[in-house]
Amino acid sequence: MKRILLFVMTNLAVVLVLGVVASLLGVNRYLTANGLNLGALLGFALVMGFGGAIISLLISKPVAKWSSGVRVIDGSGSPDERWIVETVRKFADQAGIGMPEVGIFEGDPNAFATGAFKNNALVAVSTGLLQGMTREEVEAVIGHEVAHIANGDMVTMTLIQGVMNTFVVFLSRVIGYAVDSFLRKNDEESSGPGIGYYVTTIVLDIVLGFLASMIVAWFSRQREFRADAGAAQFMGRRQPMINALARLGGMHPGELPKSVAAMGIAGGIGKLFSTHPPIEERIAALQNASAAQNS
């Protein structure tokens, strides 16, 4: 319930802020008496498309901490906590990035990395992951998350999401206006957009939004392969990451909040909309890379 409330309240706040910004810039007045102002519409689409994605990225750390119940650790606690912090520090040094915050959250096996900046990120692992894996496997998972940060995956996904959102907003309104104009081409007395514009825009927002989600998910899946390879590079061999993935394949991955789900070690279901490739494909990619290197 807490996660749902936070998700709804955050999105409402973002929409309100973007609406105010669009109004101040004047780009929300793209429908004029003379027709569709494409310049203003593009400005509106950019504000709505990139604005939400960028705000979500900037608040990703505090939202992830609160929604997942992450307890930040500094290595001064138990031996296990000290080992986790030092493992993150070791990989961060190898990657040439600033030391991320490190946290633990209660739940089934999973882990995630988030944050707007490479040198100010967060790596969190679940208690289920720590209890269900060997240290070497946990180390590989941590390497995977640090690789996400080093690869700049959070920023890359924000930019891709922003571009997709912008296209959805822009195209749905252009097509909506064209459909509405066609339906009312013999109506010389009416002015302003009609029902055809609003219905078409709403339908296309949904349809194009689904298509955009498929494209974003595809990019996310490619990113997982790179993070797996990054973990193998950090550890100097691929087998620990292969073992970790194999074990995850037999475990029930914990559910993550929507804001960080794409950055977790394991993903959801549905091939086209899944942010993570199937475990079998990830293992095969690591094995094929190892065979190619040895040939």
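Colleague: How many aromatic pairs does a search of the whole structure find?
Modeller: This is a predicted model, so what follows describes computed features. A pair of aromatic rings is described by the distance of the centres and the angle of the planes. When the whole structure is searched, the number of aromatic pairs found is five.

Colleague: Is the pair of Phe91 and Phe234 stacked or edge-to-face?
Modeller: The ring centres of Phe91 and Phe234 are 5.3 Å apart, and their planes meet at 20°. Planes under 30 degrees apart count as stacked, and those over 60 as edge-to-face. The angle of 20° therefore makes this pair stacked.

Colleague: How many residues apart in sequence are the parts that this pair ties together?
Modeller: Phe91 belongs to helix 4, residues 79–95, while Phe234 belongs to helix 8, residues 195–235. Both Phe91 and Phe234 are buried. Because the two rings sit in these two helices, the pair links parts whose separation in sequence is 143 residues.

Colleague: What is the angle between the planes of Phe105 and Phe112?
Modeller: Phe105 and Phe112 are both buried, and they form an aromatic pair with a centre to centre distance of 5.5 Å. The pair is described as tilted, and the angle between its planes is 40°.

Colleague: Which strands stand at the edges of the open sheet?
Modeller: Four strands form this sheet in the order 3-4-6-5, with mixed pairing, and the twist from one strand to the next averages 25°. A strand at the edge has a single partner strand, so one side of it is left without a neighbour in the sheet. This is the case for strand 3 (71–73) and strand 5 (111–114).

Colleague: Which residue in strand 4 is the bridge partner of Arg71?
Modeller: Strand 3 and strand 4 (residues 101–105) run antiparallel and are joined by three bridges. Helix 4 lies across both of these strands and also across strand 6 (122–126), running at about 140° to strand 4. Within strand 4, the bridge partner of Arg71 is Ile104.

Colleague: How many of the 16 residues of helix 6 are buried?
Modeller: Helix 6 covers residues 135–150, and its end C-alpha atoms are 22 Å apart, which agrees with the span expected at 1.5 Å a residue. The helix is largely enclosed by the rest of the structure, because the number of its 16 residues that are buried is 14.

Colleague: With which side chain does the side chain of Thr114 make a polar contact, and what is the distance?
Modeller: Thr114 is found in strand 5, and with a relative accessible area of 4% it is buried. Its side chain makes a polar contact at 3.2 Å, and the partner is the side chain of Ser60.

Definitions and conventions. Residues are numbered from 1 along each chain as its sequence is written. This is a predicted model: local features need pLDDT of at least 70, side-chain atom pairs count only at pLDDT 80 or more; totals for chains, interfaces and linings use all residues. Side-chain values use heavy atoms; hydrogens and water are left out. Rings of Phe, Tyr and Trp (its six-membered ring) pair if their centres lie within 6.5 Å; planes under 30 degrees apart count as stacked, over 60 as edge-to-face and the rest as tilted. Buried means under 20% relative accessible area, exposed over 50%, partly exposed in between (1.4 Å probe, protein chains only). Two strands pair if DSSP finds at least two bridges between them. Axes are lines fitted to C-alpha atoms, for helices over the stretch in contact, and angles run from 0 to 180 degrees between N-to-C directions. Contact means heavy atoms within 4.5 Å. The expected span of a helix is 1.5 Å times one less than its number of residues. A polar contact is a pair of N or O atoms within 3.5 Å; within protein, one must be able to donate a hydrogen and the other to accept it, and residues adjacent in sequence count only if both atoms are side-chain atoms.
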